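Here's a quick walk through a protein model, with a helix pair to begin with and a metal site to follow. Have a look at the structure first.

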Amino acid sequence: MPMNSQPDNDDFMDFVEDDAAPKAEPLRKWRVAIIDDDEAVHESTRFALRDVQVFDCPIELLHFSSAEEARRHVDAFRDVAVAFVDVVMETPDAGLRLVRDLREAGLGDMRIVLRTGQPGYAPELSVVSKYEIDDYRTKSELTQTRLITVLTSCIRAYNQICMINRSRVGLEMIVDSSTTLFRRTNLELFSWGVLTQIAALLQVSPRGFVCVNSQAGDLLESRIVNAAGRFSDLLGKSCREIPDALALDLLRKASSSERAVIEDGFFALRVSSPPDSELIALVETEGPLADTELALLELFSSNIAIAFDNLSLVERLDQLAFTDPHVNAPNLNAFDAALRQRIQAADKGFRLALVEIEAYHEILADYGIPVSQRFLRSVYGALSEASHPPMVARIGDGIFALLGDEANIRRDAITAAFETPFEVEEAEIVARPKSVIMDVDEKPASAVGVMCDAMSALTYAKQSRREACVHFDADMRREVGRRSRLQAALKQAVKHGDGLGVVVQPKVNLLTDECVGVEALLRWRHEDEQISPSEFVPLAEAIGLTQPLTDFVIGSVGEWYAKQNVNEAFSVAINLSMEDLNHPGFARRLLRQVKLAGLRPEAVEFEVTEGIAMKNRPVVVRQVGILRDAGHRISLDDFGTGYSSLSQFDHLPIDVLKIDRSFVNTLSTVSAKRSIAAVVLNMAEALNVQCVAEGIETEEQKQALLFLGCETGQGFLMGRPQPMSDFAIGAAGHSASLH
Ligand code: C2E
Ligand code: MG
Ligand code: MG
């Protein structure tokens, strides 16, 4: 407004009532400072403004009789809307200096009107603009009407400036709060942020609560996730327990409203995150809200809606990351987190169990995925029921892990959980679990270490064919420790060939003592200890190391065989691992290795254990068939120990049955006829396959076998396994020269 153009009396009324007039801030009075050394001015101003209201609010006057006095009370100017400053006081420019000081003291919002007794003291224009002087009047000019007009105009400007400033601060707050809210992925932290930010925008202390309804269910069941002020006691409760009827009523209104609801001294805001989460914040206000506050709250609401969506998304991702969606149970991540927490808080020991449904893949193959998943859900339920351990998680295909303590992880309870078959739809599934229970007494170094121990214990329990649920004690721990050390060493041995060697044991014609072939047996020396193949072969199987071991044997046999002078009937038997035969490409690869080693197929016989007859899987049968078709003879090793049924042999392409040592060392000439060896020999005859007796240690055993018609044998009696370099076959290849 130009400095000297003020509205006259009539204009003034329009001016006050026009649309642009600011709405009064609630519970306000306008503070107006009069700084003048002329007492009469104070008096006349007081008189002129008595009972005057501007924008519906009264005026409060502050009086200062000198620039110095005003300067001393600079703090009193904080809420002053307008100051009328006399230019000439202690000095001719005392008023101007005061204005400069007040502005420099940070009083930027306050409007200033300069007054002077004589026209000659008008300030320079540069001063007017630098110190934001709103008006300049001679004292005589300021009649009551003009005074009120000037005052109203200044209050309007002041109010607008305040509003703009408040918006700016509020916007800064919203920007800040949005970034902090976005960072808060935890619902409690987030809701506290919402509560405090709303309170800050309303310029009140946080008094209210935030509730969350995560399943879009009954509003009264919503959980109060944060509360402050007189509502603090509600924390953790459901909305049903809110004692304040007004608050509850407003909550209901807010839950069905798209916009914030402001009523009865409350501000309530609802934000939702599709599909099924909603958050309602309710904060107590102090009196009615100003437009600025409402506008800011509106803006803030849209921001928290986005942040809440973000939070819900993070929580959903969290849920996905920590839940097995098929079984609806905690998964490996969840278990790992719980285990870490337990270790960190390890004030006392804890107990952990792993339960593996053996042959889960067979259940999958037999019943299909949906039934198998429902079956796992039942297993999860049964394990959770069994003494209620704090954490049951599905950590692998058919593997569950339990975390708790002695009281809630019990062997009998785990075993009992599987006693009756699981009825899933029409199917009755018998679960064969293998479990280990492990006590962790001392604070372990890491969760990874604990899980490694537990998994090795489970592998050990499965391989050592112990009872269904084993307690992992100190002895077992030592054994498992040895296993993992040996496995690590075996990997190195396979890589560099360290300590590996092959020995051969003759197979002899029992009638003529002629050596008809040898069996190649692998040897491994590790740290001055001769490790038995019965120990290291299963270890190698467990970590998929058998193929390179077989390659090593074939390579060694090839080198040795090339130096021998043997006839065509002489063959070398090489043992194969059950595990390898389960791999579809194994046989073809093996044939290539044999060829690479320079060996004819007729010179190499493969020994497979009786287990393959038991499993009799099509893939195994096919592999064996490929080897046989290529010209290799196939022996069924350790026959009689693997519980095969006769019908299974029909499918197996085999040439030789090797009678297991356990049936040979009980043989005597007297009892020969009634022995299992006799049955096996009869069976071999019926199946038209050759029979070889293993482990012949005495002359009597040999005679008994001859009596039963067994012509080929192997055992310490005829020759122990010995290094290849010590073993040479006679020039004609008919008889072995045994050193
Ligand atoms: P196997 O194939 O049944 O081999 C015969 C085992 O009986 C050998 O034990 C041999 O030393 C032993 N033996 C032979 N005659 C007698 C006897 O008169 N009395 C007694 N008490 N024992 C006798 P070894 O070498 O300790 O091998 C044990 C098992 O380890 C083998 O049983 C075979 O299943 C496996 N194995 C050995 N070498 C290899 C290999 O290169 N690859 C695979 N996959 N397995 C192998
Ligand atoms: Mg063998
Ligand atoms: Mg054998």
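Let's start with two helices that touch: Tyr360, Ile363, Leu364 and Tyr367 in α11 meet Ile369, Val371, Ser372, Gln373, Phe375 and Leu376 in α12. Contact here means heavy atoms within 4.5 Å. Sorted by type, the residues of this contact are 8 nonpolar, 2 polar and no charged. (Nonpolar covers Ala, Val, Leu, Ile, Met, Phe, Trp, Tyr, Cys and Pro; charged covers Asp, Glu, Lys and Arg; the others, Gly among them, are polar.) Helix α11 spans residues 360-367 and helix α12 residues 369-385, and their axes come within 7 Å and cross at roughly 135°. That makes α11 oblique to α12; on this scale, under 35 degrees is roughly parallel, over 145 roughly antiparallel, 65 to 115 roughly perpendicular, and the rest oblique.

A word on ground rules: this is a predicted model, where local features need pLDDT of at least 70 and side-chain atom pairs count only at pLDDT 80 or more, while totals for chains, interfaces and linings use all residues. Residues are numbered from 1 along each chain as its sequence is written, chains are lettered from A and ligands numbered from 1 in the order in which they are written, and side-chain values use heavy atoms, with hydrogens and water left out.

Now the metals. Donors are N, O and S atoms within 2.8 Å of the metal (3.2 Å for Na, K and Ca), and water is not among the atoms, so sites may look incomplete.

| Ion | Protein donors | Distance |
|---|---|---|
| magnesium ion (ligand 2) | Glu519 (OE), Asn575 (OD1), Glu607 (OE), Asp637 (OD) | 2.0 to 2.2 Å |
| magnesium ion (ligand 3) | Asp637 (OD), Asp638 (OD), Glu694 (OE), Glu694 (OE) | 2.0 to 2.5 Å |

What bridges the two ions? Aspartate 637 does, and the ions lie 4.1 Å apart. Around the magnesium ion (ligand 3), the donor residues follow the spacing D-D-x55-E. Aspartate 638 sits in strand β26 (residues 633-639) and glutamate 694 in the loop between β28 (690-693) and α25 (699-708), so this pair ties together parts 56 residues apart in sequence. Aspartate 638 is partly exposed at 24% relative accessibility, whereas glutamate 694 is buried at 12%. Buried means under 20% relative accessible area, exposed over 50%, and partly exposed in between (1.4 Å probe, protein chains only).

At the magnesium ion (ligand 2), the donor spacing reads E-x55-N-x31-E-x29-D. Glutamate 519 belongs to strand β22 (residues 515-526) and glutamate 607 to strand β25 (residues 604-609), so they link parts 88 residues apart in sequence. Both of these glutamates, 519 and 607, are buried.

Zooming out, the chain has 25 helices and 32 strands, counted as DSSP runs (helices H or I, at least four residues; strands E, at least two). Buried residues make up 49% of its 739 residues.

How values were computed:
Axes are lines fitted to C-alpha atoms, for helices over the stretch in contact, and angles run from 0 to 180 degrees between N-to-C directions.
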